[in-house]
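Please look through the structure below with some patience, moving from its open spaces to a helix and then to its charged side chains.

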Amino acid sequence: NLRRDDIGRTVDGFVSRIRPGDDVVVFYAGHGVQVKGVNYLPAVDARIGVESDVPLNSLNLNELLHRLDESKAAVRLLLIDACRDNPYARSFRSGSRGLARVEGAPSGTLMHFATRPGGVAADGSGRNGLYTAELLKQLNTPGLPVESMLKRVASGVRQASNGDQQPWTEGALEGEFYFSGAASASPSA
(Lines give C-alpha, C1' and ligand atoms only; values in the text may rest on other atoms or scores of the structure.)
Protein backbone atom coordinates (compact mmCIF):
# COMPACT_ATOMS: atom_id res chain seq x y z
CA ASN A 1 0.00 0.00 0.00
CA LEU A 2 2.76 2.39 -1.00
CA ARG A 3 1.72 6.01 -1.29
CA ARG A 4 3.16 8.45 -3.88
CA ASP A 5 5.08 10.53 -1.36
CA ASP A 6 6.64 7.42 0.17
CA ILE A 7 8.00 5.72 -2.96
CA GLY A 8 11.50 7.24 -2.95
CA ARG A 9 11.96 7.07 0.82
CA THR A 10 10.70 3.48 0.99
CA VAL A 11 12.91 2.22 -1.85
CA ASP A 12 15.94 4.07 -0.43
CA GLY A 13 15.36 2.58 3.01
CA PHE A 14 14.83 -0.91 1.63
CA VAL A 15 17.90 -0.88 -0.60
CA SER A 16 20.11 0.64 2.13
CA ARG A 17 19.46 -2.41 4.34
CA ILE A 18 20.55 -4.91 1.68
CA ARG A 19 24.06 -6.27 2.17
CA PRO A 20 26.13 -7.99 -0.52
CA GLY A 21 25.12 -11.65 -0.65
CA ASP A 22 21.62 -11.10 0.83
CA ASP A 23 18.53 -12.73 -0.62
CA VAL A 24 15.94 -10.13 -1.65
CA VAL A 25 12.27 -10.78 -2.41
CA VAL A 26 9.95 -8.07 -3.73
CA PHE A 27 6.22 -8.73 -4.00
CA TYR A 28 3.75 -6.34 -5.61
CA ALA A 29 0.03 -6.76 -6.19
CA GLY A 30 -1.96 -4.02 -7.85
CA HIS A 31 -2.24 -2.31 -11.21
CA GLY A 32 0.71 -2.34 -13.55
CA VAL A 33 1.06 0.21 -16.32
CA GLN A 34 3.46 0.44 -19.22
CA VAL A 35 4.30 3.69 -20.90
CA LYS A 36 6.49 3.53 -24.00
CA GLY A 37 7.73 0.09 -23.02
CA VAL A 38 8.64 1.03 -19.42
CA ASN A 39 6.78 -0.70 -16.58
CA TYR A 40 5.40 1.26 -13.65
CA LEU A 41 3.70 0.14 -10.45
CA PRO A 42 1.32 2.96 -9.42
CA ALA A 43 0.98 4.04 -5.81
CA VAL A 44 -2.34 3.42 -4.07
CA ASP A 45 -3.08 7.17 -4.13
CA ALA A 46 -1.83 7.74 -7.69
CA ARG A 47 -3.32 10.72 -9.50
CA ILE A 48 -3.06 9.70 -13.11
CA GLY A 49 -5.01 11.55 -15.76
CA VAL A 50 -2.57 11.35 -18.67
CA GLU A 51 0.51 9.29 -19.54
CA SER A 52 2.93 11.92 -18.28
CA ASP A 53 1.47 11.54 -14.76
CA VAL A 54 2.56 7.89 -14.52
CA PRO A 55 6.26 8.38 -13.64
CA LEU A 56 5.35 10.94 -10.97
CA ASN A 57 2.87 8.60 -9.28
CA SER A 58 4.51 5.20 -9.64
CA LEU A 59 7.47 3.00 -8.91
CA ASN A 60 9.55 2.54 -12.07
CA LEU A 61 10.29 -1.22 -12.27
CA ASN A 62 13.49 -0.66 -14.28
CA GLU A 63 14.80 1.75 -11.66
CA LEU A 64 14.03 -0.75 -8.90
CA LEU A 65 15.93 -3.47 -10.80
CA HIS A 66 18.89 -1.13 -11.20
CA ARG A 67 18.93 -0.31 -7.48
CA LEU A 68 18.72 -4.01 -6.55
CA ASP A 69 21.60 -4.77 -8.91
CA GLU A 70 23.73 -2.08 -7.26
CA SER A 71 23.03 -3.67 -3.86
CA LYS A 72 24.96 -6.82 -4.88
CA ALA A 73 22.29 -9.09 -3.41
CA ALA A 74 22.92 -12.75 -4.24
CA VAL A 75 19.27 -13.51 -5.03
CA ARG A 76 16.87 -10.92 -6.45
CA LEU A 77 13.38 -12.36 -6.78
CA LEU A 78 10.46 -10.19 -7.90
CA LEU A 79 6.90 -11.54 -7.81
CA ILE A 80 4.62 -9.17 -9.69
CA ASP A 81 0.84 -9.61 -9.67
CA ALA A 82 0.29 -6.44 -11.66
CA CYS A 83 -0.55 -7.24 -15.27
CA ARG A 84 -4.12 -6.11 -15.10
CA ASP A 85 -6.16 -3.87 -17.37
CA ASN A 86 -4.72 -0.39 -17.46
CA PRO A 87 -7.38 1.70 -15.67
CA TYR A 88 -6.05 4.83 -17.38
CA ALA A 89 -5.95 3.46 -20.96
CA ARG A 90 -8.56 5.87 -22.34
CA SER A 91 -6.38 8.87 -21.60
CA PHE A 92 -3.13 7.27 -22.85
CA ARG A 93 -1.85 7.73 -26.36
CA SER A 94 -0.14 4.34 -26.42
CA GLY A 95 -3.13 2.41 -25.03
CA SER A 96 -0.95 -0.62 -24.18
CA ARG A 97 -2.40 -3.45 -22.12
CA GLY A 98 -0.61 -5.11 -19.24
CA LEU A 99 3.09 -4.81 -18.63
CA ALA A 100 5.87 -4.78 -21.21
CA ARG A 101 8.61 -7.37 -21.41
CA VAL A 102 11.57 -6.41 -19.23
CA GLU A 103 14.71 -6.08 -21.32
CA GLY A 104 18.17 -6.53 -19.82
CA ALA A 105 17.31 -7.57 -16.27
CA PRO A 106 20.50 -7.79 -14.21
CA SER A 107 22.13 -11.20 -13.92
CA GLY A 108 20.94 -13.09 -10.85
CA THR A 109 17.44 -11.60 -11.05
CA LEU A 110 14.32 -13.73 -11.45
CA MET A 111 11.00 -12.04 -12.13
CA HIS A 112 7.70 -13.90 -12.15
CA PHE A 113 4.71 -12.03 -13.52
CA ALA A 114 1.03 -12.91 -13.11
CA THR A 115 0.66 -13.10 -16.88
CA ARG A 116 2.61 -12.85 -20.13
CA PRO A 117 3.74 -9.47 -21.54
CA GLY A 118 0.76 -7.44 -22.68
CA GLY A 119 -1.60 -9.91 -21.00
CA VAL A 120 -4.22 -9.16 -18.40
CA ALA A 121 -4.45 -10.95 -15.06
CA ALA A 122 -7.71 -11.90 -13.36
CA ASP A 123 -8.57 -10.11 -10.14
CA GLY A 124 -9.90 -13.37 -8.67
CA SER A 125 -13.05 -13.89 -6.70
CA GLY A 126 -11.66 -13.54 -3.19
CA ARG A 127 -9.30 -11.26 -1.32
CA ASN A 128 -6.42 -11.91 -3.75
CA GLY A 129 -5.95 -12.07 -7.49
CA LEU A 130 -5.76 -15.48 -9.14
CA TYR A 131 -1.95 -15.38 -9.29
CA THR A 132 -1.49 -14.39 -5.65
CA ALA A 133 -3.97 -17.05 -4.53
CA GLU A 134 -1.97 -19.72 -6.37
CA LEU A 135 1.30 -18.30 -5.03
CA LEU A 136 0.02 -18.54 -1.45
CA LYS A 137 -0.90 -22.20 -2.00
CA GLN A 138 2.69 -23.06 -2.96
CA LEU A 139 4.78 -20.63 -0.90
CA ASN A 140 5.44 -22.84 2.11
CA THR A 141 6.06 -26.15 0.34
CA PRO A 142 9.18 -27.48 2.13
CA GLY A 143 12.30 -28.25 0.10
CA LEU A 144 10.92 -26.86 -3.17
CA PRO A 145 13.33 -24.64 -5.13
CA VAL A 146 11.70 -21.36 -6.08
CA GLU A 147 11.86 -22.13 -9.81
CA SER A 148 9.86 -25.35 -9.27
CA MET A 149 7.44 -23.55 -6.99
CA LEU A 150 6.82 -20.91 -9.66
CA LYS A 151 6.16 -23.61 -12.26
CA ARG A 152 3.46 -25.01 -9.95
CA VAL A 153 2.00 -21.51 -9.52
CA ALA A 154 1.93 -21.01 -13.29
CA SER A 155 0.28 -24.38 -13.83
CA GLY A 156 -2.37 -23.61 -11.21
CA VAL A 157 -3.11 -20.21 -12.75
CA ARG A 158 -3.39 -21.63 -16.28
CA GLN A 159 -5.70 -24.38 -15.05
CA ALA A 160 -7.90 -22.06 -12.98
CA SER A 161 -8.22 -19.59 -15.86
CA ASN A 162 -8.82 -22.25 -18.53
CA GLY A 163 -5.61 -21.11 -20.23
CA ASP A 164 -6.61 -17.44 -20.43
CA GLN A 165 -3.90 -16.31 -18.01
CA GLN A 166 -0.35 -17.56 -18.40
CA PRO A 167 2.25 -16.44 -15.84
CA TRP A 168 5.57 -15.37 -17.27
CA THR A 169 9.13 -15.75 -16.04
CA GLU A 170 12.06 -13.55 -17.00
CA GLY A 171 15.66 -13.85 -15.84
CA ALA A 172 17.34 -16.53 -13.77
CA LEU A 173 18.85 -16.91 -10.33
CA GLU A 174 22.51 -17.76 -9.92
CA GLY A 175 22.02 -19.41 -6.53
CA GLU A 176 19.45 -21.63 -4.87
CA PHE A 177 16.46 -20.16 -3.07
CA TYR A 178 13.73 -21.87 -1.04
CA PHE A 179 10.87 -20.19 0.77
CA SER A 180 10.58 -23.12 3.15
CA GLY A 181 13.43 -25.45 4.07
CA ALA A 182 16.18 -26.23 1.61
CA ALA A 183 16.24 -29.70 0.12
CA SER A 184 18.44 -32.01 2.12
CA ALA A 185 21.61 -33.14 0.41
CA SER A 186 21.55 -36.78 -0.54
CA PRO A 187 24.62 -38.80 0.40
CA SER A 188 27.02 -39.44 -2.46
CA ALA A 189 27.32 -42.97 -3.79
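In this predicted model, the largest pocket has a volume of about 570 Å³. Its lining is made up of 23 residues, and those nearest the centre of the pocket are Asn-1, Leu-2, Phe-27, Tyr-28 and Ala-29. The elements that contribute two or more residues to this lining are helix H1 (7-16), strand S1 (23-29), strand S3 (38-42), helix H2 (61-70) and strand S5. Among these contributors S1 gives the most, with four residues in the lining of the largest pocket. A word on how such spaces are found may help here: when a probe the size of a water molecule is rolled over the atoms, it shows where empty space is left.

Strand S5, at residues 75-81, leads us on to helix H4, since S5 is among the elements that cover the buried residues of H4, together with strand S6 (109-113) and helix H3 (130-138). Which residues of H4 are buried? They are Val-146, Met-149, Leu-150, Val-153, Ala-154, Gly-156 and Val-157. These buried residues lie on the same side of H4, because they cover an arc of only 165 degrees around the axis. On the other side of the helix, Lys-151 and Gln-159 are exposed.

The length of H4 can be checked by a simple calculation, in which each residue is allowed 1.5 Å: the 15 residues of the helix, from 146 to 160, should then span 21 Å, and this agrees with the end C-alpha atoms, which are 21 Å apart. After H4 comes Asn-162, whose phi angle is positive, near 55 degrees.

We can now turn to the charged side chains, among which six salt bridges are counted. In one of them, Arg-9 and Asp-6 meet through their side chains at 2.8 Å, N to O. Arg-9 is exposed, with a relative accessible area of 56%, while Asp-6 is partly exposed, with a relative accessible area of 26%.

Another salt bridge joins the side chains of Asp-69 and Arg-76, at 3.7 Å from N to O. Is Arg-76 buried or exposed? Arg-76 counts as buried, because its relative accessibility is 4% and the cut-off for buried is under 20%. Its partner Asp-69 is partly exposed, with a relative accessible area of 31%.

A third example is found in helix H3, where the side chains of Glu-134 and Lys-137 meet in a salt bridge at 3.0 Å, N to O. Because Glu-134 and Lys-137 are three residues apart in H3, they are separated by about one helical turn. Glu-134 counts as buried at 9% relative accessibility, whereas Lys-137 is exposed, with a relative accessible area of 58%. Elsewhere, Arg-3, Arg-4 and Asp-45 are joined into one network by salt bridges that share partners.

The last stop is the loop between S6 and H3, where Pro-117 is found. Pro-117 is partly exposed, with a relative accessible area of 31%. Leaving aside neighbours within four places in sequence, Pro-117 is in contact with Leu-99, Ala-100, Arg-101, Trp-168 and Glu-170. As for how the chain is arranged here, Pro-117 and Pro-167 are 50 residues apart in sequence, and their C-alpha atoms are 9.1 Å apart in space.

How values were computed: Residues are numbered from 1 along each chain as its sequence is written. This is a predicted model: local features need pLDDT of at least 70, side-chain atom pairs count only at pLDDT 80 or more; totals for chains, interfaces and linings use all residues. Side-chain values use heavy atoms; hydrogens and water are left out. The expected span of a helix is 1.5 Å times one less than its number of residues. Buried means under 20% relative accessible area, exposed over 50%, partly exposed in between (1.4 Å probe, protein chains only). The arc is that of the directions from the helix axis to the C-beta atoms. Contact means heavy atoms within 4.5 Å. A salt bridge is a side-chain nitrogen of Lys or Arg within 4 Å of a carboxyl oxygen of Asp or Glu. On a 1 Å grid over the protein atoms alone, a cavity is a set of points where a 1.4 Å probe fits but cannot get out, and a pocket is an open set with protein on both sides within 12 Å along at least five of seven lines; lining residues have an atom within 4 Å of a point. Grid points are joined across faces, edges and corners, and a volume is the space filled by probe spheres set on the points.
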